[in-house]
Amino acid sequence: MTAGQTITKWVSGLRYEDLPDRTIHEVKRRVIDSLATCLGAYHSNPGRIAREQAQSVSVPARGASVWGTKHRTTPDLAAFANGAMVRYLDYNDTYLSREPAHPSDNLSAAVAVTQATRRTGRDLILAAVIGYELQCRMCDADSLRKGGWDHVVYGALSTAMLAGRLWGLSEAQLEHALGLAGVCNIATRQTRTGQISDWKACAFSNAARNGVFAADLARRGLTGPFEILEGPKGLMKQLNVPGLRDLVLSPDGEFMIDRTYIKYWPAEYHSQSAIDACLQLRPQVAGREISSVLIKSFEAAVSIIGSEPEKLRPTSRETADHSMFYCCAAALVDGDVTLATFDEERLADPRLLNLIDRTTIIEDVELNSGYPKGIPNDIAITCADGTVARQRVDFPRGHAENPMTDEEVVAKFRRLAGGVISDKEADRVLKLCWKLDTLKDVSPVFEFKVLGAGRGTGAGRGEGSSKRGKGAAPTPKSSKPVKRSASAKRGGAGRRTTRGASKPVTRSTRKLAAKASKKRGR
């Protein structure tokens, strides 16, 4: 049996009745969370463009909804448009292992094909579990990032399989779908390197579009390459991911969706524990001048969000939410990290830039050993009066070891929905999500009525304020509660070191980064 056949046999054999109650409940939470991040990004540039593209095609009879409308398009275009909205804010869920992932990216494909096939809420739940299981187990098996490839390569495979299951494909057809999805969807990590563009929102949704398309072709009789994983020119060899050969799915009835994390703050996940630590330290340094901030972290975090010159002077939301420098500075200055933290006018805030200039990020061997089980970040703040405050956080709020409550997930939904849909509509959507397993038709969940066009991401919503107030996120229930207090004093400039003491980022580097940002930014 080939590795691909092992996958298709499992996909074909899994039943809704095999799912524990906790797993079914977790899917409902992820649907709510994904709708929240979609609503928060509804008026974003990628969201608008993706919807326009999907709405240029109409398929009234067997189509799938563009979320927030009653327009039906092809399921692959619906997966693309809706997935881009879910992903844009970098606020949807996460799984970290040998390869990082945002597994709720699978949901837009699952919803689209559920609608196109007129299947039920239970079918959607099963498809979601399949997508999460496949993508996360592949992330456990081997790293794409080490070779410069992007995690969305695994997403093309997972979405092809969940779509194939919804279409009722045979094991042979599923194998063809796997080959069709795998052979032509090899993406590089340039999407997430340096100055980050709008495409980051679309990278997985494009893979999902292609995964759905591959399954659709296979159901119509098109054959795909055999041995797509272990073949002589297959993914294992070409992408150097031999670990896929030993993939084991849902051992002992355990499902990966139960081990993934919901984000508490709208920033790249490796920064979540650093943000948490900064918020805990903030009251201790209130009213004092900060001389330096030392962040000890682990390889993945330093490599992805703590080492490139562009992360020191981000010129776009996409780069800022992937900068540990910026996120930690905002947490210390503002006392929170919200959507408004990444508004264009904040990116040049001298208070943030001055604190970034006093921040050093280094890779720590001890912290490397704590990842990926935890997300260990150890922060020490030194003040001009000699005060030193230190805090380490391994499991930020939302991590599988420190999960958000249902009430916190709902609160996140309401914050992001505010100003995009009415409170009454939000109540209706939430009620349907919690009874997803009873729905014969899932369309009413996703065809919510959007209010008048907004002014952009974060505009006119409670989440849009960077100050603590009515719409701000509540204090997370961590082992050491995060408190909020007056901002610390800032000033001066300094030197930063990234990826260890051997690689200093100097002022000359910053000048080059600033010039590059002007050329490549918006």
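## Nonpolar core

Leu-35, Ile-379 and Phe-413 touch the most other members of the largest nonpolar core, which holds 162 residues. Helix H6 is the main contributor to this core, giving 13 residues. The model is a predicted one.

What does Ile-379 touch, leaving out residues up to four places away in sequence? Its contacts include Ala-274, Ala-277, Cys-278 and Leu-281. Val-293, Leu-294 and Ile-295 are also among them, as is Cys-328. Ala-389, Arg-390 and Gln-391 complete the list.

## The four-stranded sheet

Four strands form an open sheet. Their order is E4-E3-E5-E6, and the pairing is mixed. E4 (359-363) and E6 (388-393) are the edge strands. Each has a single partner strand, so one side of each lacks a neighbour in the sheet. From one strand to the next, the twist averages 15°.

Strand E3 spans residues 290-297. E3 and E4 pair in the parallel sense, over five bridges. Val-293 stands opposite Thr-359 in E4. Leu-294 stands opposite Thr-360 in E4. Val-293 and Leu-294 also appear among the contacts of Ile-379.

## Helices on the sheet

Two helices can be described here. Helix H11 (residues 272-285) packs on the sheet and touches E3, E5 (377-383) and E6. The direction of H11 makes about 150° with that of E6.

Helix H14 (residues 324-334) also packs on the sheet. H14 touches E3, E4 and E5. Its direction makes about 130° with that of E3.

## Edge strand E4

Is E4 largely enclosed or left open by the rest of the structure? Four of its five residues are buried, so E4 is largely enclosed. Within the sheet, however, E4 stands at an edge with a single partner strand.

## Helix H1

Which residues of helix H1 (residues 3-13) are buried? They are Ala-3, Gly-4, Ile-7, Thr-8, Trp-10 and Val-11. These residues cover an arc of only 160° around the axis, so they lie on the same side of H1.

Several helices help to cover the buried residues of H1. Among them are H6 (121-141) and H7 (152-166). H8 (171-183) and H10 (235-238) are also included. H6 is also the helix that gives the most to the largest nonpolar core.

Technical notes: Residues numbered from 1 in each chain as written. Predicted model: local features only at pLDDT ≥ 70, side-chain atom pairs only at ≥ 80, totals over all residues. Heavy atoms only, no water. Pairing = 2+ DSSP bridges. Helix = DSSP H or I, 4+ residues; strand = E, 2+ residues; numbered from the N terminus. Axes fitted to C-alpha atoms, helices over the stretch in contact; angles between N-to-C directions. Contact = heavy atoms within 4.5 Å. Buried < 20%, exposed > 50% of the residue type's maximum accessible area, 1.4 Å probe, protein only. Arc of directions from axis to C-beta. Core = buried A, V, L, I, M, F, W, Y, C linked by side-chain atoms within 4.5 Å.
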